[in-house]
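Visitor: I have just opened this entry and would like to learn how to read it. Could you walk me through some features?

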Amino acid sequence: MPRDANDITLLDRAEYAGLDEMIRSTPCLSDQRGRLARRNSCRAGWNGRLDARVTKVVPTRGGQALELTADLFNVLNFIDRDWARTFLTGDVFGGRVPLLDLVGYDAANGRGIYRVQGTPRHEVDVPATRWHVQLSARYTF
């Protein structure tokens with residue numbers, strides 16, 4: 001993490017203000033100014049979810065039965081839409097969040113030239129957060 005604007009060479013010097021603001025607003029990055037970021041140091045927070053199932057078996061003739069089931073996924077979000085939200089940061093499937101892209105080499109300073117990536121930070125994953133219900137029926141004979 002760069003200590004200041006003189007500690008990094010950017011392709012566009014105007015991008016430093018945005019990079020500095022992001023580093024200052026993220027405690028795990030701000031604490032590591034002036035050194036390489038520790039591996040796995042800036043991880044997403046805890047993510048909780050609660051699911052529920054209600055089943056009713058209705059006996060019919062000759063030992064047969066009709067089973068009715070209702071599954072409610074993400075019950076906490078059903079109760080309050082601000083609960084049990086799932087957040088995404090950057091490249092979720094690749095498991096990494098690219099902050100900088102190496103685009104060249106600065107021979108005068110002996111270091112790389114970087115371009116700041118427009119990485120989305122801490123966005124709500126709406127499909128994973130939204131509650132939903134599933135109804136099913138099964139007849140056993």
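Guide: Gladly! Keep in mind that this is a predicted model. Let us begin with aromatic rings: the count of aromatic pairs here comes to 2.

Visitor: How are the rings of Phe 78 and Trp 131 arranged, stacked or edge-to-face?

Guide: The angle between the ring planes tells you: over 60 degrees counts as edge-to-face. For Phe 78 and Trp 131 the planes stand at 80 degrees, so this pair is edge-to-face. Their centres are 4.7 Å apart.

Visitor: Where in the chain do the two partners sit?

Guide: Phe 78 belongs to helix α3, residues 75-79. Trp 131 is in the loop between α4 (126-129) and β8 (132-140). With their positions 53 residues apart, the pair links distant parts of the chain.

Visitor: Why does Phe 78 count as partly exposed?

Guide: Look at relative accessible area: under 20% is buried, over 50% is exposed, and partly exposed lies in between. Phe 78 has 46%, so it counts as partly exposed. Trp 131, at 35%, is partly exposed as well.

Visitor: Which residues form the nonpolar patch on the surface?

Guide: To read a patch, look for nonpolar side chains that join up on the outside. In this model the patch consists of Phe 78, Ile 79, Trp 83, Trp 131, Val 133 and Leu 135. Together they have about 660 Å² of accessible area. Helix α3 and strand β8 are the elements that each give two or more residues to the patch.

Visitor: And what about the inside? Which residues make up the largest nonpolar core?

Guide: In soluble globular proteins, nonpolar side chains tend to be buried together. Here the largest nonpolar core has 8 residues: Ile 8, Leu 10, Tyr 16, Leu 19, Met 22, Ile 23, Leu 29 and Leu 99. Helix α1, residues 16-25, supplies the largest share, with 4 residues.

Visitor: Let me pick one core member. What does Tyr 16 touch?

Guide: A helpful habit is to set aside residues up to four places away in sequence. Tyr 16 then touches Pro 2, Arg 3, Asp 4, Ala 5, Ile 8, Leu 10 and Arg 33.

Visitor: Pro 2 is on that list; how far is its C-alpha atom from that of Ser 30?

Guide: Separation along the chain and separation in space are two readings. Ser 30 and Pro 2 are 28 residues apart along the chain, and their C-alpha atoms are separated by 9.5 Å. Ser 30 lies in helix α2, residues 27-30, and is partly exposed at 29%. Leaving out residues up to four places away, Ser 30 touches Ile 23 and Arg 24.

Visitor: Which residues other than glycine have a positive phi, and what does a backbone reading look like?

Guide: Phi is a backbone angle, and its sign is what to look at. Asn 74 has a phi near 60 degrees, and Ala 84 has one of about 55 degrees. Asn 74 is in the loop between β3 (65-73) and α3, while Ala 84 is in the loop between α3 and β4. Asn 74 counts as buried because its relative accessibility is 1%. Ala 84 is also buried, at 17%.

Visitor: One last stop: is Thr 86 buried or exposed, and what does it touch?

Guide: Thr 86 is buried, with a relative accessible area of 14%. Its place is the loop between α3 and β4 (87-88). Beyond residues up to four places away in sequence, Thr 86 touches Asn 47, Glu 123, Val 124, Asp 125, Ala 128 and Thr 129.

Technical notes:
Residues are numbered from 1 along each chain as its sequence is written. This is a predicted model: local features need pLDDT of at least 70, side-chain atom pairs count only at pLDDT 80 or more; totals for chains, interfaces and linings use all residues. Side-chain values use heavy atoms; hydrogens and water are left out. A nonpolar core is a set of buried Ala, Val, Leu, Ile, Met, Phe, Trp, Tyr and Cys residues joined through side-chain atoms within 4.5 Å. Buried means under 20% relative accessible area, exposed over 50%, partly exposed in between (1.4 Å probe, protein chains only). Contact means heavy atoms within 4.5 Å. Rings of Phe, Tyr and Trp (its six-membered ring) pair if their centres lie within 6.5 Å; planes under 30 degrees apart count as stacked, over 60 as edge-to-face and the rest as tilted. Patches are made of residues with over 30% relative accessible area and no salt bridge: like charges are joined within 9 Å, nonpolar side chains (Val, Leu, Ile, Met, Phe, Trp, Tyr) within 5 Å. Accessible areas come from the Shrake-Rupley method with a 1.4 Å probe; for residues, only the protein chains shown count as cover. A salt bridge is a side-chain nitrogen of Lys or Arg within 4 Å of a carboxyl oxygen of Asp or Glu.
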